[in-house]
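Open the model in your viewer and have the selection panel at hand. The tour below goes from one selection to the next.

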Amino acid sequence: MIHGKARNVIITGTGHAVPTRVLSNFDLEKMVDTSDEWIRTRTGILRRRVADEHTATSDLAAEAGRLALKDAGVSPEELDLIIVATITPDMLFPSTSCLVQKNLEAWGAACYDLSAGCSGLIYGLDMAVHSIASGAYQRALVIGADCISKVLNFQDRSTCVLFGDGAGACLLEAADQAGVLASRLGADGRGWDKLLLRGGGSRHPASPATLAAGWHYIEMCGNDVFKFAVRIMVEASLQVLADAGLQPEDIDLFIPHQANIRIIESAAQRLNLTEDQVYVNLDEYGNTSAASIGIALDEAVRSGRIKGGDRVLLVGFGAGLTWGAMIIEWVEKA
Ligand code: COA
């Protein structure tokens with residue numbers, strides 16, 4: 001049972017959705033001065049999915065949410081909380097979670113969005129765990145969803161090769177069994193300018209000048225984020241392992257945020273994790289931001305890589321700067 005938690009909370013369903021359109025490294029070679037070889041060796045990414053002009057974040061989020069509900073055997077009316085973690089909401093307001101609620105017809109659910117960059121899913125899971133553990137809520141749907149392609153400058157090779165679109169969802173409920181063993185969140189706002197989308201908010205409202213400056217696109221200090229990511233993935237993992245009284249070797253599957261294979265390998269090496277303890281799918285999807293850990297978790301469960309009793313360590317980092325880590329003892333569906 002985690003700190004301050006009165007009831008145990010388990011994930012009873014997972015789901016994910018990605019757009020059908022595939023953008024390969026070879027496609028990118030035709031758009032910007034890059035190469036498949038550079039992208040593959042520097043990031044581990046081979047291809048990513050990209051939403052078409054008719055698809056927005058709430059569409060992918062609702063689809064992932066619907067699949068998680070189906071997986072759990074829970075109907076939308078039974079939900080009392082929907083949290084969508086995203087940095088690419090359909091619009092500044094209303095929240096994307098309200099649009100998901102409308103799509104799912106989950107009329108009994110309170111809804112809010114959460115902005116924690118690529119740590120978003122873990123932030124959402126942590127909020128849902130505490131909301132359910134307190135007894136205030138019974139069933140929460142947490143969705144990490146982003147269409148980063150919509151805010152990428154496809155002339156900027158330092159960012160456009162890294163990201164893809166998608167959504168990953170988890171349904172959480174109270175339970176007698178173990179479930180979430182430990183969870184930690186953190187942030188350092190001093191790193192706010194390492195990864196950002198500058199324009200369109202109240203600091204720099206959208207205008208012809210912000211458009212001309214390209215402030216509707218992602219900006220990133222890649223090297224700084226890289227160093228931060230390796231350090232914080234290790235620190236956050238060790239912290240949450242200590243909270244749960246576990247060692248790295250007790251972990252059956254490590255699901256890190258899927259940003260760059262070199263970041264994942266450095267962190268795994270420092271944690272003394274073996275290759276088969278680490279889940280990687282960034283070759284297929286690139287960095288799907290708040291969706292990445294949710295997509296990986298759903299794939300791992302559905303492919304049998306996670307079984308009842310397994311201990312799973314999730315760890316993420318992202319814009320803010322933010323980070324989060326969580327250990328779950330997986331409970332098989334009855
Ligand atoms: N294709 C070809 N060359 C590229 C390129 C691309 N897509 N992107 C950058 N380069 C070039 C640079 O211009 C630079 O050239 P120069 O030496 O002539 O100046 C060279 O490659 C090396 O650039 P550098 O930025 O040092 O590369 P890197 O090894 O640090 O890799 C990232 C860059 C972005 C892949 C890496 O820093 C990274 O993954 N950072 C973390 C990003 C991240 O995870 N963001 C999301 C957080 S949630």
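Begin with the boundary between the two domains of this predicted model. Domain 1 and domain 2 bury about 3,700 Å² between them, and 62% of that area is on carbon and sulfur atoms. On the domain 1 side, select C118, I122 and Y123: these residues lose the most area to domain 2, and together they account for 18% of what that side buries.

To see both partners whole, colour residues 8-178 as domain 1 and residues 182-329 as domain 2, following the domain assignment. Taken over C-alpha atoms, the centres of the two domains are 14 Å apart. The contact draws 49 residues from domain 1 and 47 residues from domain 2.

Next, look at the charged pairs. There are 2 salt bridges between domain 1 and domain 2. Select R302 and D71, which form a salt bridge with their closest N and O atoms 4.0 Å apart. Polar contacts between the domains number 22 residue pairs, counting those with both residues at pLDDT 80 or more.

Now show the secondary structure of domain 1. Among the elements that each supply at least two residues to the side touching domain 2 are the strands β1 (8-17), β3 (47-49), β6 (139-147) and β7 (165-175), and the helices α2 (36-43), α3 (57-72), α5 (120-133) and α6 (157-160). Which element gives the largest share of that side? Select α5, which contributes 8 residues.

Finally, colour this side of domain 1 by residue class: 25 residues are nonpolar, 16 are polar and 8 are charged.

Terms used:
Residues numbered from 1 in each chain as written. Predicted model: local features only at pLDDT ≥ 70, side-chain atom pairs only at ≥ 80, totals over all residues. Heavy atoms only, no water. Domains from an automatic or database assignment. Contact = heavy atoms within 4.5 Å. Buried area = accessible area lost by both parts, 1.4 Å probe. Salt bridge = Lys/Arg side-chain N within 4 Å of Asp/Glu carboxyl O. Polar contact = N/O pair within 3.5 Å; in protein donor to acceptor, adjacent residues only side chain to side chain. Helix = DSSP H or I, 4+ residues; strand = E, 2+ residues; numbered from the N terminus. Nonpolar A, V, L, I, M, F, W, Y, C, P; charged D, E, K, R; others polar.
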